[in-house]
Amino acid sequence: MNHVALVGRLCADPESKVIDNKGEKKQVCNFRLAVNRPWKNTKGEYDADFLTCVAWERTAELVCKHCQKGSQLGVEGRIQVRSWETDGGDKRQAFEIQVERIHFLGSSSKGKPEAKKSEDDFPF
């Protein structure tokens, strides 16, 4: 089973683009989510993990339309490892969360209120 559920805040505004896959255009949205760890470090502060998330099509559209840096977001999806080789021949890997479901949880840290909605609240 490969299932991830996260709650965190966006580290920056989401980035959207349209890709062409064999003549079929799809919208993709990339964003980084800061997720606090459940325990405090030796300084008494919470550390965070910064996770790259990838949303597609309607989910991508919703994230880009309704979220900004600081927005609190719940994400459900799966972990995917992407591998490639650089021009110099070095092998690289990236671990990404492929977003399957989103939940809008609260306001951004800038104080702009957001509606408490889930992806189910939007008609498809």
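**View 1. Cys64 in the predicted model.** Cys64 is partly exposed, with a relative accessible area of 25%. The model shown here and in the views below is predicted. Because buried means under 20% relative accessible area, Cys64 does not count as buried.

**View 2. Helix H1 and its buried residues.** Helix H1 spans residues 57-66. Its buried residues are Thr59, Ala60, Leu62 and Val63. Seen down the axis of H1, these buried residues fall within an arc of 165 degrees, so they line one face of the helix. In an α-helix there are 3.6 residues a turn, so residues three or four places apart point the same way. The cover over the buried residues of H1 includes strand E3 (24-40), strand E4 (46-56) and strand E6 (91-104).

**View 3. Cys53 and the surroundings of its sulfur.** Cys53 is buried, with a relative accessible area of 0%. A search of the whole structure finds zero disulfides. Cys53 is accordingly in no disulfide, and the nearest cysteine sulfur, that of Cys11, is 9.2 Å away. For a disulfide, the two sulfur atoms would have to lie within 2.5 Å.

**View 4. The hairpin of strands E2 and E3.** Strand E2 covers residues 15-21 and runs antiparallel to E3, with seven bridges joining the two. Within this pairing, Ser16 of E2 stands opposite Cys29 in E3. The two strands form a hairpin with two residues between them. Lys22, in the turn, has a positive phi of about 55 degrees. Strand E3 also appears in View 2, among the elements that cover the buried residues of H1.

Definitions and conventions:
Residues numbered from 1 in each chain as written. Predicted model: local features only at pLDDT ≥ 70, side-chain atom pairs only at ≥ 80, totals over all residues. Heavy atoms only, no water. Buried < 20%, exposed > 50% of the residue type's maximum accessible area, 1.4 Å probe, protein only. Helix = DSSP H or I, 4+ residues; strand = E, 2+ residues; numbered from the N terminus. Arc of directions from axis to C-beta. Contact = heavy atoms within 4.5 Å. Pairing = 2+ DSSP bridges.
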